[in-house]
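This report describes a single protein chain, beginning with its aromatic residues and moving on to its strands and overall dimensions.

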Amino acid sequence: MMRLANYSLALLGAISGALAAPSEIHARQASPFVTTPISTFDEPWSMAFLPDERILVTEKRGQLRIIDPVTQAKGTISGVPAVRYQGQGGFGDVALHPGFRENNLIYISYAEAGSGGAAAVVARARLVLNANTASGGSLQNLQVIWRQTQFYQGDGHYAHRILFSRDGATNSTTLWISSGERQQMDPAQSMTSNLGKIIRLNDDGSIPSASSALGANPFASQGGVAAQVWALGVRNPLGIDFDEAGRLWEVEMGPQGGDELNLIEKGANYGWPLVSEGVHYGGGPIPKHNTRPEMNPPKAFWVPVISPSSVIIYKGDLFKGWKGNALISALGAQGIVRVEISSTQTAREVQRIGLGRRTRCVRQSADGALWTLEDGAGGRLLKHTPRA
């Protein structure tokens, strides 16, 4: 996928549904991190923390690894299905079911080859671990519970991030999937496709009922694939996370310019490919969000791009003053972009933390430390704690 080569430090933000005037960060601030390298991986893509603080790491070629960050012992989990490794495609996300301590279920996403090309898939399986980390473990009873509806040639914009929410009152678990538009553009606006959408399902892949905690999905009455859709009009949504108020945030890669941070709302249309703050590759114009007020504009956007690859909303206390901030891992900006989100849901970039290499994923551990994965061959797993 093409991205702009000039990653100058300019930011454009969005406030209260209208796009804000641009602000600039003229230089990277001094790093707030003490960074500890833990291990290296072959094209790591995502990670998830087990209850015993060991970490699962996906490798794009199709390996699921487990590592003990204390001893640095590392093993392999067998039973991963065949993946379509090409371009942006391969093994993607990994996430633990909220009830993992009881059911040992993990969820994975990957690119799957099929008639006509490839599509993103989400599956779940029971994780069985061997006695020691180095001997790894296995995935058992793997079940595909969701697929993109169209298989396409080309190998971009799968997105396929996985997230869970849980309603304590009903003890029900909801599965959220960010589904990219596979560089096809138009499916993001089509309700006969689940591409270019934010998907909401029950944890078994079924459609939530009207009696569920958040009610029925907004397009459930249309039936078919539309019943999966929570929001539409997204391009390459590579990160999703909830804040402590239960609001869902998403980051996505724009075209030539126009990377976005969005607040995802039920039934909302985020405009792609009808509107964007960027332009088509080669410079072809795209109408701006302010030309279509019925479509939700981003809370922040970037021209030139940062190439966001994941996002968390920080919920810890270790990094003082960061709680509630969006921390975006960035391929183009080669580090973490910190965005402050106000009580009125406005957003502005406040810091860029350079890590010196394309950064594929950021996650927070239970103690509030930050962990990142570097992109590409030999990508390192890094632990970050505050500098004194």
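Phe-33, Tyr-314, Phe-319 and Trp-322 are linked into a cluster by ring pairs. The model is a predicted one. In total, the structure holds nine aromatic pairs.

**Aromatic pairs**

A pair of aromatic rings is described by the distance of the centres and the angle of the planes. For Trp-176 and Phe-242 the ring centres are 5.6 Å apart and the planes stand at 75°, so this pair is edge-to-face. The pair links distant parts of the chain. Trp-176 belongs to strand S14 (residues 172–179) and Phe-242 to strand S17 (residues 236–242), with the two positions 66 residues apart in numbering. Trp-176 is buried because its relative accessible area, 2%, is under 20%. Phe-242 is also buried, with a relative accessible area of 14%.

Within the cluster that contains Phe-33 and Trp-322, Tyr-314 and Phe-319 form an edge-to-face pair, at 6.0 Å centre to centre and 80° between the planes. Tyr-314 counts as buried at 1% relative accessibility, and Phe-319 is buried at 4%.

The charged ends of two residues also sit over aromatic rings. That of Lys-74 lies over the ring of Phe-41, 4.5 Å from the ring centre. That of Arg-182 lies over the ring of Tyr-158, 4.0 Å from the ring centre.

**Strand S14 and its neighbours**

What surrounds Trp-176 along its own strand? Strand S14 is mostly covered, as seven of its eight residues are buried. S14 pairs with strand S13 (residues 159–167) through eight bridges, and these two strands run antiparallel. In this pairing the bridge partner of Trp-176 is Leu-163. S13 and S14 form a hairpin with four residues between them. Asn-171, in the turn of that hairpin, has a positive phi of about 55°.

S14 also pairs with strand S15 (residues 197–202), again in the antiparallel sense, over six bridges. Here Trp-176 has Arg-200 in S15 as its bridge partner. Trp-176 thus has bridge partners in both S13 and S15, and its ring is paired with that of Phe-242 in S17.

**Two open sheets**

Eight strands form an open sheet of mixed pairing, in the order S5-S6-S7-S8-S12-S11-S10-S9. Its edge strands are S5 (44–49) and S9 (91–96), each of which pairs on one side only. Neighbouring strands in this sheet are turned by 30° against each other on average, direction ignored. Inside the sheet, strand S7 (residues 63–67) and strand S8 (residues 74–78) are antiparallel and joined by four bridges. Arg-65 stands opposite Thr-76 in S8. Lys-74, whose charged end sits over the ring of Phe-41, is in the residue range of S8.

A second open sheet consists of four strands in the order S21-S22-S23-S24, with antiparallel pairing. The edge strands are S21 (308–313) and S24 (347–354), and each pairs on one side only. The average turn between neighbouring strands of this sheet is 25°, direction ignored. Strand S23 (residues 335–341) is joined to S24 by seven bridges, and the two run antiparallel. Ile-336 stands opposite Ile-353 in S24.

The antiparallel strand pairs described above are listed here.

| Strand pair | Bridges | Residues opposite each other |
|---|---|---|
| S7 and S8 | four bridges | Arg-65 and Thr-76 |
| S13 and S14 | eight bridges | Leu-163 and Trp-176 |
| S14 and S15 | six bridges | Trp-176 and Arg-200 |
| S23 and S24 | seven bridges | Ile-336 and Ile-353 |

**The chain as a whole**

The protein chain contains one helix and 27 strands. Its radius of gyration is 20 Å, close to the 21 Å that the globule rule gives for 388 residues, so the chain is as compact as a globular protein of that length. The C-alpha trace spans about 60 × 55 × 45 Å along its principal axes.

Of the 388 residues, 59% count as buried. Among contacts with a separation of 6 or more, 59% are accounted for by residues 24 or more positions apart.

Key
Residues numbered from 1 in each chain as written. Predicted model: local features only at pLDDT ≥ 70, side-chain atom pairs only at ≥ 80, totals over all residues. Heavy atoms only, no water. Phe/Tyr/Trp six-rings, centres within 6.5 Å; stacked < 30°, edge-to-face > 60°. Buried < 20%, exposed > 50% of the residue type's maximum accessible area, 1.4 Å probe, protein only. Lys NZ or Arg CZ within 6 Å of the ring centre and 35° of its normal. Pairing = 2+ DSSP bridges. Axes fitted to C-alpha atoms, helices over the stretch in contact; angles between N-to-C directions. Rg over C-alpha atoms; globule rule 2.2 N^0.38 Å. Contact = heavy atoms within 4.5 Å.
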